[in-house]
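Please look through the sequence and the model shown below before reading on. The report then takes up the overall fold, the helices and a few single residues in turn.

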Amino acid sequence: MSVTNILVDSPTVGEKVKRLMGLNGLTQAEVAEVLSCSRSTVSQKCTGRIAFSVNEINELAELLHVSADVLLGRAPLEVA
């Protein structure tokens, strides 16, 4: 199994993504474009109904200007 096929199944990841989307002024449609999925899929991922892949976590970290560790809960989210 390659690393990009591993799924990260945690509602708290989605909650952090939603919060950071708001802080960065991003819509679900804009995030969907980066992740190459539908807006509906982003919504389901943010509510924990569908898991994020490791590759998506890395893409989101870059888009949201945080580390993957922040999204995964291994480092604190520091908001200025």
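## How helix axes are compared

A helix axis is here a line fitted to the C-alpha atoms over the stretch in contact, and the angle between two axes runs from 0 to 180 degrees between their N-to-C directions. With that in mind, and remembering that this is a predicted model, we can turn to the chain as a whole.

## The chain as a whole

The protein chain has five helices and two strands, and when it is read along the sequence these elements follow the pattern β-α-α-α-β-α-α. Of its 80 residues, 31% count as buried.

Among the contacts with a separation of 6 or more, 62% are accounted for by residues 24 or more positions apart. A pair that is far apart in sequence can be found by looking at E15 and G48, which are separated by 33 residues in sequence and by 8.5 Å in space, taken from C-alpha to C-alpha. Of these two, E15 belongs to helix α1, which spans residues 11-23, and with 47% relative accessibility E15 counts as partly exposed.

## Where α2 meets α4

The axes of α2 and α4 come within 10 Å and cross at roughly 125 degrees, and this angle makes α2 oblique to α4. The crossing in which α2 passes α4 is right-handed.

Which residues of α2 and α4 meet? From α2 come V31, V34 and L35, while α4 brings E56, E59, L60 and L63. Sorted by class, this contact holds five nonpolar residues, two charged residues and no polar ones.

## The buried sides of α4 and α3

Helix α4 covers residues 54-64, and its buried residues are V54, E56, I57, L60, A61 and L64. Because they cover an arc of only 155 degrees around the axis, they lie on the same side of α4. A general rule helps in reading such a list: an α-helix has 3.6 residues a turn, so residues three or four places apart point the same way.

E56 deserves a separate look, since its relative accessible area of 11% makes it buried, the cut-off being under 20%. Leaving aside residues up to four places away in sequence, E56 touches L35, K45 and A51.

K45 is also one of the buried residues of α3, where it is joined by V42 and C46. These three cover an arc of only 95 degrees around the axis, which puts them on the same side of α3.

## Positive phi angles after helices

What is the sign of phi in the residue G48 that follows α3? Phi of G48 is positive, near 85 degrees. Helix α4, in turn, is followed by H65, where phi is also positive.

The value for H65 is near 60 degrees, in a residue other than glycine. H65 is found in the loop between α4 and α5, and at 64% relative accessibility it counts as exposed.

S36 is likewise not a glycine, although its phi is positive, at about 55 degrees. Its place is in the loop between α2, which runs over 28-35, and α3, which runs over 39-46. Is S36 buried or exposed? Its relative accessibility is 67%, and so S36 counts as exposed.

Definitions and conventions. Residues numbered from 1 in each chain as written. Predicted model: local features only at pLDDT ≥ 70, side-chain atom pairs only at ≥ 80, totals over all residues. Heavy atoms only, no water. Buried < 20%, exposed > 50% of the residue type's maximum accessible area, 1.4 Å probe, protein only. Helix = DSSP H or I, 4+ residues; strand = E, 2+ residues; numbered from the N terminus. Arc of directions from axis to C-beta. Contact = heavy atoms within 4.5 Å. Parallel < 35°, antiparallel > 145°, perpendicular 65-115°, else oblique. Left-handed = near helix turned anticlockwise from the far one by under 90°. Nonpolar A, V, L, I, M, F, W, Y, C, P; charged D, E, K, R; others polar.
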